[in-house]
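Student: I would like to know how the words used for a protein model are justified. Could we go through them one at a time?

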Amino acid sequence: MEQEVKQPVPPFTLETAKQKIQLAEDAWNSQDPVKVSKAYTADSEWRNRSQFINGREEIQAFLTDKWENERQYKLKKEYWAHGYDRIAVRFEYEYQNKDGQWFRAHGNENWEFDKNGLMKKRYASINDVAILEGDRRL
């Protein structure tokens, strides 16, 4: 069986860490749960706010539900720091809920990758703020 590889792979440099971040941003903005899940190991561990998610099937279910409830989703990720096989990002995203209320979410993520460049751990701390449509930045 051929091993999955998701470039760039560790060890990360500043350049490859920023590439990895941009690839993640692009994938999440596609709002395609299957595409996004392929960047993670089959047994990836997540903490997203107060939810604990394990494996690609749970990731896909989580993201399907997320994007059904967070409409007109737009995300921007920013480099914060990196190490050999870890990357930390700051992010913000905006979305509209089913009632039409706009939100801006701010947060931090800590990522850990396996040797093939698949994310094996993702820990996200996120805060939402209600905004007016005219206050959107993304």
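Tutor: What follows takes each term, gives its cut-off and applies it.

Tutor: This is a predicted model, in which local features need pLDDT of at least 70 and side-chain atom pairs count only at pLDDT 80 or more, while totals for chains, interfaces and linings use all residues. Residues are numbered from 1 along each chain as its sequence is written, and side-chain values use heavy atoms, with hydrogens and water left out.

Student: What makes a stretch of the chain a helix or a strand?

Tutor: Both are DSSP runs, numbered from the N terminus: a helix is H or I over at least four residues, and a strand is E over at least two. The chain has three helices and six strands, and their order along the sequence is α-α-β-β-α-β-β-β-β.

Student: How do you know that the radius of gyration agrees with a compact globule?

Tutor: The radius is taken over C-alpha atoms, and the globule rule is 2.2 Å times the number of residues to the power 0.38. For 138 residues that rule gives a value near 14 Å; the chain has 15 Å, so the two agree. The C-alpha trace spans about 45 × 30 × 25 Å along its principal axes.

Student: Why is K66 called buried?

Tutor: Buried means under 20% relative accessible area, exposed means over 50%, and partly exposed is in between (1.4 Å probe, protein chains only). K66 has 7%, therefore it counts as buried. This residue lies in helix α3, residues 55-69. Of the 138 residues of the chain, 44% count as buried.

Student: What does K66 touch, not counting residues up to four places away in sequence?

Tutor: Contact means heavy atoms within 4.5 Å. With those places left out, K66 touches W28, Y73 and Y93.

Student: Why is E70 counted as buried or exposed?

Tutor: The relative accessible area of E70 is 10%, so E70 is buried. E70 sits in the loop between α3 and β3. Beyond its neighbours within four places in sequence, E70 is in contact with R49, Y93, Y95 and Q96.

Student: And why is D43 put in its class, buried or exposed?

Tutor: D43 has 57% relative accessibility, so D43 counts as exposed. D43 belongs to strand β1, residues 40-48.

Student: What makes the phi of R49 worth a remark?

Tutor: Most residues other than glycine have a negative phi, and most peptide bonds are trans. R49 is not a glycine, yet its phi is positive, about 55°. R49 is found in the loop between β1 and β2, and with 28% relative accessibility it counts as partly exposed. Q31 also has a positive phi of about 55° and is not a glycine. The place of Q31 is the loop between α1 and α2.

Student: Which peptide bond at P8 is cis?

Tutor: The bond that joins Q7 and P8 is cis, with omega about -10°. A cis bond also joins P10 and P11, with omega about 5°. P8 is in the segment before α1, and P11 is there too.

Student: What makes an empty space a cavity, and what makes it a pocket?

Tutor: On a 1 Å grid over the protein atoms alone, a cavity is a set of points where a 1.4 Å probe fits but cannot get out; a pocket is an open set with protein on both sides within 12 Å along at least five of seven lines; lining residues have an atom within 4 Å of a point. Grid points are joined across faces, edges and corners, and a volume is the space filled by probe spheres set on the points. The structure holds one cavity of 30 Å³ or more, and the largest cavity has about 60 Å³. Among the residues lining the largest cavity are W28, K66, Y73 and Y93. β3 gives the most to that lining, with three residues.

Student: How many residues line the largest pocket?

Tutor: There are 15, and the closest to its centre are K6, L23, A24, A27 and A39. The volume of the largest pocket is about 210 Å³. Its lining takes five residues from α1, which gives the most.

Student: Why is A24 called buried?

Tutor: A24 has a relative accessible area of 15%, so it is buried. A24 lies in helix α1. Aside from neighbours within four places in sequence, A24 is in contact with K77 and W111.
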